[in-house]
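I opened this notebook to record what I looked up in the structure shown below. The entries follow the order in which I consulted it.

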Amino acid sequence: MHGFGWIYRKKRLTYFNVGDSPIFLFRDHTLMLLSKPHILEGYPHVITSCMGYLTAYYAHSLSIQARDQLVFGSDGVLESLSVDELAHALDQNTSIEQIFQMALHAGSQDNMTLIRVQI
C-alpha cells in the first residue's frame, strides 16, 4: 500500500489515496470503489503517485450511514479476489484472516493488507 488517509466526523467521511491503495465503501450488500488507483494504464504494478512524491492529493467527501463499512486494502488481496467475491465475504462477516486465505487460494503472491472499519 502506498498511502491513504481518512477522517470520519459528523456522519461524513473525507478521504484520499495515493498509489495503488483502494478505498471501498460496503453499504447495503454492495461494495463500491471510492478511490481511483494511481497506476499506469496497462501496467498495474507501475504507480503514478506515492506519499512523498511531488504531486497533488485530492480529498473527497461523502455522507456515511449507520452500518456502513469502510474497507482499505492492498493489491495482494484485491488483485486475487473479484469485487463480488470480496463483497460476498464482507456480507457473510468473514474474518480478515479467512479473506487472506481466500486470496492465497486464488493465487495471491503479493503482500496482503486489509482494514475493515464498521461505522
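I looked up the salt bridge and found that the side chains of Arg-27 and Asp-68 meet in it, at 2.7 Å from N to O. I took a salt bridge to be a side-chain nitrogen of Lys or Arg within 4 Å of a carboxyl oxygen of Asp or Glu. I noted that the pair links distant parts of the chain: Arg-27 lies in strand E3, and Asp-68 lies in the loop between strand E7 (60-63) and strand E8 (69-73), 41 residues apart. Strands (E, at least two residues) are DSSP runs, numbered from the N terminus. The structure holds 1 salt bridge.

I recorded that this is a predicted model, in which local features need pLDDT of at least 70 and side-chain atom pairs count only at pLDDT 80 or more, while totals for chains, interfaces and linings use all residues. Residues are numbered from 1 along each chain as its sequence is written, and side-chain values use heavy atoms, with hydrogens and water left out.

I then asked whether Arg-27 and Asp-68 are buried or exposed. I found that both Arg-27 and Asp-68 are buried, that is, under 20% relative accessible area, where exposed means over 50% and partly exposed in between (1.4 Å probe, protein chains only).

I turned next to Gln-65, which I located in the loop between E7 and E8. Gln-65 has a relative accessible area of 41% and is therefore partly exposed. Leaving aside neighbours within four places in sequence, I found Gln-65 in contact (heavy atoms within 4.5 Å) with Arg-27 and Ile-119. I also noted Lys-11, which is 54 residues from Gln-65 in sequence and 6.9 Å from it in space, C-alpha to C-alpha.

I examined the sheet and read its strand order as E4-E3-E8-E9: 4 strands form an open sheet with antiparallel pairing. Two strands pair if DSSP finds at least two bridges between them. The edge strands are E4 (30-33) and E9 (114-118), each pairing on one side only. Strand E3 (residues 23-27) and E4 pair in the antiparallel sense over 4 bridges. Within this pairing I asked which residue in E4 stands opposite Phe-24. I found Leu-33 there.

My last entry concerns Asn-17, which I found in strand E2 (residues 12-17). Asn-17 has a relative accessible area of 8% and is therefore buried. The C-alpha atoms of Asn-17 and His-60 are separated by 9.6 Å, with these positions 43 residues apart along the chain counted as their spacing.
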